[in-house]
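Here is a short round of questions and answers to read with the model open beside you. Take your time with each one, and look at the fold before you read on.

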Amino acid sequence: MRRSVSSRAMPGRREMRPMAGWRCGMVPVVSVISALVLALVTGCGSVLTPNAQDVPFTKQGELSFLRQGTGEKIAQIDIEIADTPAKRAQGLMYRRSLPQDAGMLFIFESSQPLAFWMKNTFISLDMIFADDAKRIVSTAKNTTPLSEALIPSGKNAMYVVEVNAGFCDTHGIQLGDVIDFTRVSGAAPGPVPR
């Protein structure tokens, strides 16, 4: 469900390109709006909605949030792990729900500026960016579902945790706090990317 963008390209997501043959003139825009309204009125809502699925959550590990300085455990969640380009590109896209104390951990090969987007993501999320020392360097709270706006890390990050919107405020997650995770041995590989 996530999209990652480094300063070079968008390795974790499909590229966004303008549709061939489209102009920015009024006629195509009016035609598209008319078609969408007609589809909505006639009950063809699937034209407006990408293929959302209720993909079951597959626990692949556990992740703890630890208070900076004291190491006190703030919260713990079950995680799915996205550690390959295909898994990072898929992320939580097309899902309709995520268990309350669960999330997805994205692991990158190195610490770098990252940016995600919410394209094809139906759940509002909090995104938590952590550096190579697993220290939280930035957060993006209450992201907008289905948005193609880029959400930058602001600083170099190697890990990104996605959880349900409101998680950071509910648990008091702060910049400087630390994440720590373990993989569950024998865990299933998780949902197959599209």
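Q: Is Phe167 buried or exposed?
A: Do keep in mind that this is a predicted model. The relative accessibility of Phe167 is 5%. Buried means under 20%. Phe167 therefore counts as buried.

Q: Which aromatic residue forms a pair with Phe167?
A: The structure holds five aromatic pairs. In one of them, the ring of Phe167 has its partner at 5.3 Å centre to centre, with 50 degrees between the planes, so the pair is tilted, as planes under 30 degrees apart would count as stacked and those over 60 as edge-to-face. The partner is Phe65.

Q: How many residues apart are Phe65 and Phe167?
A: Happily, this pair is easy to place on the chain. Phe65 belongs to strand E1 (residues 61-66), while Phe167 belongs to helix H3 (residues 167-171). The pair thus links distant parts of the chain, and its two members are 102 residues apart.

Q: Which residue in E2 stands opposite Phe65?
A: Strand E2 covers residues 73-82 and runs antiparallel to E1, joined to E1 by six bridges. Across from Phe65 on E2 stands Ala75.

Q: What are the edge strands of the open sheet?
A: Seven strands make up this sheet, with mixed pairing, and their order is E5-E4-E6-E3-E2-E1-E7. An edge strand pairs on one side only. That description fits strand E5 (136-140) and strand E7 (178-183).

Q: Which element supplies the largest share of the largest nonpolar core?
A: This core has 21 residues, and Leu63, Phe65, Ile77, Leu105, Tyr159, Val161 and Ile179 are those with the most contacts inside it. At least two residues come from each of E1, E2, strand E3 (102-116), strand E4 (125-130), strand E6 (151-164), H3 and E7. The largest share is five residues, and they come from E2.

Q: How many residues does the other core hold?
A: Another nonpolar core lies apart from the largest one. Leu98, Met127, Ala140 and Val160 are among its members. Its size is 19 residues.

Q: Over the ring of which residue does the charged end of Arg96 sit?
A: Aromatic rings turn up elsewhere too: Phe106, Phe108, Phe116 and Phe129 form one aromatic cluster. As for Arg96, its charged end is 4.3 Å from the centre of the ring that it sits over. That ring belongs to Phe122.

Terms used:
Residues numbered from 1 in each chain as written. Predicted model: local features only at pLDDT ≥ 70, side-chain atom pairs only at ≥ 80, totals over all residues. Heavy atoms only, no water. Phe/Tyr/Trp six-rings, centres within 6.5 Å; stacked < 30°, edge-to-face > 60°. Helix = DSSP H or I, 4+ residues; strand = E, 2+ residues; numbered from the N terminus. Buried < 20%, exposed > 50% of the residue type's maximum accessible area, 1.4 Å probe, protein only. Lys NZ or Arg CZ within 6 Å of the ring centre and 35° of its normal. Pairing = 2+ DSSP bridges. Core = buried A, V, L, I, M, F, W, Y, C linked by side-chain atoms within 4.5 Å.
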